[in-house]
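The exercises below concern a predicted model. Work through each task with the structure open, and then compare your reasoning with the solution.

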Amino acid sequence: MRGSHSIRESAGDRTFNLIILIFLVLFACLMAVPMIAELAVSFSSKIASQTGTIGLVPVGFTLASWDFMVRNSGLWSSIGISVASTALVVVISLAINAMLAYPLSKKRFAPARFLVLVVVFTMIFKAPTIPYFLALRGYGLYNNFWAMVIPQVISAYNLLVMRSFFQSFPAEIEEAAEIDGCGKFRMFFQIVLPSSKAVIATVGLFYGVGAWNQYATPLMMIQDTALFPLQLKIHQLVNAASGDIAAAVKVSTANYTNDTLGAAAVIFSMIPVLLIYPFVQKYFAKGAMLGSVKG
Amino acid sequence: MTDVRRRRSRLARHFREFWPYYVMILPGLTFLILIRYVPMAGSIIAFQNFSLRKGIWQSPFVGLENFRKLLAYDDFYRVFRNTLILGGLKMLLVFPVPILLSLLLNELRYPRVKKGIQTVVTIPHFISWVIVGGLTFDVLGAGGILNQARALMGMEMILPMQKSAWFRPVYVFTSIWKESGWGTVVYLAAISGIDPGLYESASIDGASRFQKMTRITLPMILPTAVTLFLINMGSFLDLGFDQVFNLYTPMTYDVADIFDTYVYRSGIQQGKYSFSTAVGLFQSVIGLALVVLFNHLSKKVSEDGGLW
C-alpha cells in the first residue's frame with residue numbers, strides 16, 4: 001500500500017506528511033517528558049531539588065540518591081518478592097488456564113457450554129471488594145506471601161483468549177492422533193501444547209504484567225512491610241514523610257531530598273519493564289489483537 | 001426401567017471417554033470458585049450486621065437496612081456522581097485518542113520514526129499506577145516541570161494535586177498518557193486489514209492523502225471503534241481503583257472519590273463491612289446491567305462483537 005501511492009506525491013501530500021510528522025513527534029515528546037524530568041530529578045543535588053530549579057537535565061549532578069536507593073532502602077527485598085510472586089503466578093496460571101481452556105474449546109464435551117458461562121459470569125458480575133477481602137482472609141492469606149499469587153492465577157479474559165486459540169487448532173491433527181490411539185492427556189500435553197507457544201507466551205506475559213503491577217490486593221492483604229512487593233514499597237517511598245527515607249533525609253550531609261529519592265525509586269522500578277519490553281513487544285501486540293477481535 | 005438404564009449407560013460412556021477432561025478442569029475450576037464465586041456468595045453480608053468476631057454464620061440479618069442507610073447518605077450520592085462524571089469524561093475525551101493516533105501513525109511515511117513513536121507511547125501501558133502516580137505528583141509538584149515552565153513565563157506557582165478543580169483534568173490526562181498508545185494496537189491491526197484496492201482506486205480518482213484518511217481509513221475502522229465503545233460502556237463503572245487511589249489526596253476527595261476508593265476506606269480502613277458491601281453490591285448490580293445491555297447492543301452492531 002505504501003509503495004502504490006508514494007510514487008507521485010503532490011505538494012499538498014508533502015505538507016500533509018510534514019504536519020503529521022511534527023504532530024506525532026510532539027505527542028511522543030510530551031509522553032516522554034515526565035519520565036525524562038523524573039530521571040533528571042533523580043540525578044540532581046539536594047540544593048537544586050530544594051530550590052526547585054530542575055527541568056529536563058540534572059542540576060548539580062550527583063549519584064547520591066541512586067547510591068542510597070541501591071544500597072539501603074530494602075528495595076531489593078521487595079524486588080525479590082515481586083519477582084518470586086510474578087514467576088509463580090506465570091507458571092501456575094499457565095498450567096491451570098491451559099488445562100481449563102482446552103476442554104472448554106471442545107464442542108463434543110457437553111458440559112463445555114455451561115462451564116464457559118461459569119467463566120464469563122465472573123466478567124459480568126464482580127464480587128464486591130469487602131467479601132473478596134474477607135474470603136482471602138478466611139483462606140489465611142492475610143500477611144501471607146501467597147496473597148500475591150493465588151488471587152492472580154485465573155482471569156476470565158485470558159482464559160477466553162486461550163480457549164479461542166485452542167478452538168482454531170486444526171481438528172484433523174487431533175482426529176488423526178486419536179485414530180492412532182492417542183489418549184486425551186497425551187493429545188493435550190504432547191500434541192496441542194507444543195504447538196501453542198504463541199498463545200502461551202502472550203497469555204503468560206499478560207499474567208506476568210498483571211502480577212508485577214498488582215496493587216489493590218497487596219494493599220488490602222499485606223501489612224507486614226517485610227512482605228511488601230515492589231509496588232507497595234514504591235508507594236511507601238514516594239509518599240514517605242516517614243520511615244527509612246525520612247530518617248535518611250535528616251542526615252544533613254546527605255546530598256538528597258525526599259523528592260530526589262522518590263524520583264530514583266520510581267525510575268528504578270521502571271527499569272525491569274523497560275529492559276524486558278523490546279523482547280516481548282511483538283507478543284503483546286499479538287495478544288491485544290487476539291483478545292479484542294474475539295473475546 | 002430400560003430408560004433409566006440407558007441413561008445411566010450413556011453417562012458411564014461419557015465419563016469413560018471424557019474423564020481426562022474433568023481432571024484437567026479441576027484445578028482451574030477450584031481456583032475460579034475460591035477466588036470469584038465464594039466472594040460473590042459472601043455478598044450476603046450486605047444484608048447482615050456483620051462483625052469479624054461473629055463471622056458470616058453468626059452475624060444477625062438486618063434485611064435492607066444497609067441499603068436504606070446508603071440511600072440516606074450524602075457521601076453515597078457524591079461517590080455515585082463522581083463515578084458517573086469521571087466515566088463520562090473517559091468515554092468522551094479518552095476513548096477517541098487512540099483512534100486519532102492510529103490514523104496519524106498509519107499516514108506516517110518514515111518507518112523508523114513510526115516504530116520509535118509507537119514504542120514511546122506504548123510503554124506507559126506496562127507501568128503500574130503507583131509509578132504513574134509518583135510521576136504525576138512530581139511533574140505537577142512545587143519544584144516540578146509544570147511550575148518550572150510557569151516560572152519561566154512569569155506565572156505563580158500552583159499545586160494541582162491539592163486542588164479539586166484539577167483532579168478531573170489530571171484523571172483524563174493520565175488516562176491518555178497511560179493507555180492511548182496501547183489502544184492503537186487494535187486499530188492499527190484493523191487498518192492493516194483494509195483492502196489496498198480501495199486506496200488505489202481513490203488515487204486514480206484524484207483523492208488526496210487527507211481525503212483517503214477521512215473517507216476510507218476512518219469509516220473502515222469505525223465498526224471496531226463502535227464495538228470497543230460499547231464494550232467500554234459496559235464497564236463504565238470500573239474506573240480503576242489503582243488510578244484514583246494513586247492520584248487523589250484528602251483535598252480532592254470531594255471530586256475524586258469513586259465507588260472503589262470509597263469502599264476501600266469505609267470498609268477496609270474503618271471496618272464498616274456490611275455497609276461497604278452494600279455499596280459494592282449496588283455497584284456490581286448496576287455494572288451487571290450495563291454489561292448485559294451493552295453486550296447485547298454490540299452484538300447487534302457487529303456479528304463477532306460483544307464479550308460472549
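**Exercise 1.** How are H6(A) and H8(A) oriented to each other?

*Solution.* Begin with the axes: those of helix H6 (residues 112-124) of chain A and helix H8 (residues 156-167) of chain A come within 9 Å and cross at roughly 140 degrees. Next, compare this angle with the cut-offs, by which angles over 145 degrees count as roughly antiparallel and 65 to 115 degrees as roughly perpendicular, with the rest, outside the roughly parallel range under 35 degrees, counted as oblique. H6(A) and H8(A) are therefore oblique to each other. As a last step, determine the hand, which for the crossing of H6(A) and H8(A) is left-handed.

**Exercise 2.** Determine which residues of H6(A) and H8(A) meet, and describe their character.

*Solution.* On the side of H6(A), the residues that take part are A:Val119, A:Val120, A:Thr122 and A:Met123, and they meet A:Ala156, A:Tyr157, A:Leu159 and A:Leu160 of H8(A). Sorted by character, the residues of this contact comprise seven nonpolar and one polar, with no charged residue.

**Exercise 3.** Describe the side of chain A that touches chain B, starting from the residues in contact.

*Solution.* Counting first, 78 residues of chain A are in contact with 76 residues of chain B. On the chain A side, the element that gives the most is helix H2 (residues 11-42), with 17 residues. Classifying the residues of that side then yields 53 nonpolar, 19 polar and six charged.

**Exercise 4.** Which domains divide chain B, and how far apart are their C-alpha centres?

*Solution.* The assignment divides chain B into domain 1 (1-32) and domain 2 (65-126 + 175-301). Between the C-alpha centres of domain 1 and domain 2 of chain B, the distance is 42 Å.

How values were computed:
Residues are numbered from 1 along each chain as its sequence is written. Chains are lettered from A and ligands numbered from 1 in the order in which they are written. This is a predicted model: local features need pLDDT of at least 70, side-chain atom pairs count only at pLDDT 80 or more; totals for chains, interfaces and linings use all residues. Two residues are in contact if their C-beta atoms, placed from the backbone, lie within 7 Å. Helices (H or I, at least four residues) and strands (E, at least two) are DSSP runs, numbered from the N terminus. Ala, Val, Leu, Ile, Met, Phe, Trp, Tyr, Cys and Pro count as nonpolar, Asp, Glu, Lys and Arg as charged, and the others, Gly among them, as polar. Axes are lines fitted to C-alpha atoms, for helices over the stretch in contact, and angles run from 0 to 180 degrees between N-to-C directions. A crossing is left-handed if the near helix is turned anticlockwise from the far one by less than a right angle, and right-handed if clockwise. Domain bounds come from an automatic or database domain assignment.
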